[in-house]
Amino acid sequence: MSFTTRPELRGTFGMVASTHWLASAAGMAVLERGGNAFDAAVATGLTLQVVEPHLNGPGGEVPAVFWSAERRAPLVLCGQGVAPAAATSERFRELGHDLVPGTGVLAACVPGAFGGWLLLLRDFGTWRLEDVLAFAIGYAEHGYPLHERIRGTILANEALLATWPGSAELYLPAPRAGALFRNPALAATYRRVVEESRGGTREEEIERARHAWYEGFVAEEIDRFCAAEGGLLSGHDLAAWRASLEPPATYEYRGLTVCKTGPWGTGPVALQQLALLSGFDLRELTEAELVHVVTECAKLAFADRDALYGDAEVRLDILLSDEYTAERRALVGEEASAELRPGFGRLPRVHDAPVVAGAGEPTRGDTVHLDVADRLGNLISATPSGGWLQSSPVIPALGWPLGTRAQMFWLEDGLPSSLRPGARPRTTLSPGLALRDGEPYLAWGTPGGDQQEQWALHVFLRHVDRGLDLQAAIDAPEFHTDHLVSSFYPRGVQARSLALESRFDSRTVAALQRRGHDVSLQPPWSLGRVTAVARERDGLLKAGANARGMQGYAAGR
């Protein structure tokens with residue numbers, strides 16, 4: 001038996017894996033008290049907003065891919081908010097911008113996370129909102145041990161946070177790592193939502209909570225704050241938006257049906273990579289050959305994303321077709337490509353803009369992830385993100401900042417991802433679900449910006465093609481390329497780049513360098529935060545979580 005950082009968990013009752021141990025424990029507590037996977041996912045997600053505020057928050061968004069045992073079908077939850085009605089390319093240019101800024105209220109979309117969780121709870125859960133919110137309220141009100149990475153994020157952005165009164169009051173001076181940290185304004189916001197929604201059926205309460213958030217006191221405060229700060233988001237934008245359900249984009253790979261979001265997210269990049277990789281026998285490749293082939297296929301798939309994806313009509317039938325894939329696969333050579341090569345369409349114009357404090361995703365992980373499986377046959381993978389503390393000012397009355405997801409739009413006209421009022425930004429978020437023989441098998445994903453559909457894909461390949469169990473696949477040395485148009489301000493490209501954890505042996509590193517990859521060695525346990533749960537045909541449940549960052553954990557029995 002080879003060593004792993006922790007065991008692959010196995011049991012029959014339920015599994016919860018997430019990027020923070022407190023959130024995983026909250027989700028497992030819900031399962032133990034009779035809730036289903038969707039109740040547990042909502043409790044886990046709402047807790048993550050509190051205990052990982054440098055990675056996500058109530059001002060952000062949530063996409064999820066899940067299997068409902070009752071409906072017997074995979075579905076996508078879209079909790080991705082849209083651009084404000086006043087957000088036009090012309091308006092940004094009038095304000096002197098060539099790119100949507102990576103910080104501040106100008107980059108805000110409708111905060112979709114809460115609406116997404118409410119829709120999931122209403123249509124697929126069994127618990128009342130007050131009960132699933134109790135964990136988040138408790139940690140916000142009574143405190144949670146502050147992770148050193150939260151402190152590190154605050155210190156790295158201290159000068160910027162000091163210019164925002166609400167942020168400075170909450171986060172400065174930087175709290176001590178390990179100390180209990182409280183956010184009383186956030187607790188009060190959630191308590192008021194609960195109070196204003198109480199009474200009647202479970203569904204009636206959830207609808208009143210949605211109204212309080214998107215048409216009531218939360219929307220009113222966001223409207224007032226954005227107007228005062230020069231933002232474009234208004235109460236009318238919040239009132240007009242609804243979370244939604246839609247069918248997944250899918251691809252058949254090695255006997256599995258892989259389910260992802262549509263091309264308003266990055267999910268189909270995974271499907272395109274799998275289509276390309278289906279022409280290789282990954283089991284027979286050396287480690288250097290595997291990294292090379294996977295990286296070169298990633299370059300091709302991301303080039304298509306950067307030219308073709310967005311909240312628009314995207315011809316996935318062409319992009320996933322055998323004929324198109326074969327043409328693209330023929331471009332994979334023995335040497336590292338230095339080109340950005342979409343199959344059709346055109347790439348956006350890359351700007352020479354400086355990096356600024358708080359912008360982008362500097363930790364390669366300003367996002368969280370969770371996966372849940374229950375004894376009833378439900379599976380869910382969700383990747384909440386946005387609204388992190390370092391990129392937008394805290395709204396003092398609410399206790400949290402808005403997101404900056406609009407930075408993923410282009411102000412250049414004529415692209416599928418060009419800025420349009422009411423459109424969804426083309427995000428990096430990419431939860432994953434895989435079916436086997438039409439039954440749910442695997443739910444998995446990771447934070448990580450443009451690395452999400454690399455790190456998560458690599459774990460999937462090591463599990464499916466190379467035969468590793470979930471934990472061993474997560475623990476394996478990780479890698480990625482930034483040979484793509486970054487989704488985050490200032491949106492640059494690093495041609496031929498290849499980041500490798502230093503646990504790769506020297507022969508593998510040298511072989512990749514000889515192929516022309518611009519290799520940078522990263523600390524040994526630094527790339528990826530993948531978590532996963534799985535369900536076997538006999539009802540056996542499994543889970544794994546990432547040791548990197550000493551934060552993620554899985555729980556189950």
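**Exercise 1. Locate arginine 254 and describe its backbone and its exposure.**

Step 1: Arginine 254 sits in the loop between β8 (249-253) and β9 (256-260). Helices (H or I, at least four residues) and strands (E, at least two) are DSSP runs, numbered from the N terminus.

Step 2: The phi angle of arginine 254 is near 50°, a positive value in a residue other than glycine.

Step 3: With 39% relative accessibility, arginine 254 counts as partly exposed. For these labels, buried means under 20% relative accessible area, exposed over 50%, and partly exposed in between (1.4 Å probe, protein chains only).

Before you go on, note that this is a predicted model: local features need pLDDT of at least 70, side-chain atom pairs count only at pLDDT 80 or more, and totals for chains, interfaces and linings use all residues. Residues are numbered from 1 along each chain as its sequence is written, and side-chain values use heavy atoms, with hydrogens and water left out.

**Exercise 2. Treat aspartate 437 in the same steps.**

Step 1: Look for aspartate 437 in the loop between β14 (432-436) and β15 (439-445).

Step 2: Its phi is near 55°, again a positive value in a residue other than glycine.

Step 3: Aspartate 437 has 59% relative accessibility and therefore counts as exposed.

**Exercise 3. Find two cis peptide bonds that lead into prolines.**

Step 1: Go to leucine 172 and proline 173, where the peptide bond is cis, with omega near -10°. Proline 173 belongs to the loop between α8 (165-171) and β6 (180-181).

Step 2: Now go to tyrosine 489 and proline 490, whose peptide bond is cis with omega near 10°. Proline 490 is in the loop between β16 (479-480) and β17 (497-501).

**Exercise 4. Work out how many residues of helix α13 are buried, and what they pack against.**

Step 1: Helix α13 covers residues 267-277, and 11 of the 11 are buried, so the helix is largely enclosed by the rest of the structure. Among them are Gly267, Pro268 and Leu277.

Step 2: The buried residues of α13 pack against β8, β9, α14 (287-308), α15 (316-319), α16 (322-329) and α17 (452-464). Here contact means heavy atoms within 4.5 Å.

**Exercise 5. Read the order of the open sheet of 7 strands, then place two helices on its strands.**

Step 1: The order is β7-β4-β3-β11-β10-β2-β21, with antiparallel pairing. Two strands pair if DSSP finds at least two bridges between them.

Step 2: β7 (244-246) and β21 (553-556) are at the edges with a single partner strand each, so one side of each has no neighbour in the sheet. On average, neighbouring strands of this sheet are turned by 15° against each other, direction ignored.

Step 3: Zoom in on β3 (residues 62-68) and β4 (residues 73-79), antiparallel strands joined by 7 bridges. Here phenylalanine 66 stands opposite leucine 75 in β4.

Step 4: Helix α1 (residues 21-32) lies across β2 (14-18), β10 (370-374) and β21, at about 160° to β2. Helix α2 (residues 37-51) lies across β2, β3, β10 and β11 (379-382), at about 155° to β10. Axes are lines fitted to C-alpha atoms, for helices over the stretch in contact, and angles run from 0 to 180 degrees between N-to-C directions.

**Exercise 6. Describe the aromatic pair of phenylalanine 38 and phenylalanine 66.**

Step 1: The structure holds 14 aromatic pairs. Rings of Phe, Tyr and Trp (its six-membered ring) pair if their centres lie within 6.5 Å; planes under 30 degrees apart count as stacked, over 60 as edge-to-face and the rest as tilted.

Step 2: For phenylalanine 38 and phenylalanine 66 the ring centres are 5.4 Å apart and the planes are at 75°, so the pair is edge-to-face.

Step 3: This pair links distant parts of the chain, with phenylalanine 38 in helix α2 and phenylalanine 66 in strand β3, 28 residues apart. Phenylalanine 38 is buried at 1% relative accessibility, and phenylalanine 66 is buried at 0%.

**Exercise 7. Explain why cysteine 109 and cysteine 226 form no disulfide.**

Step 1: A disulfide is a pair of cysteine sulfur atoms within 2.5 Å. The whole structure has 0 of them.

Step 2: The sulfur of cysteine 109 has its closest cysteine sulfur in cysteine 226, 11 Å away, which is too far for a bond.

Step 3: Both are buried: cysteine 109 has a relative accessible area of 3%, and cysteine 226 has 0%.
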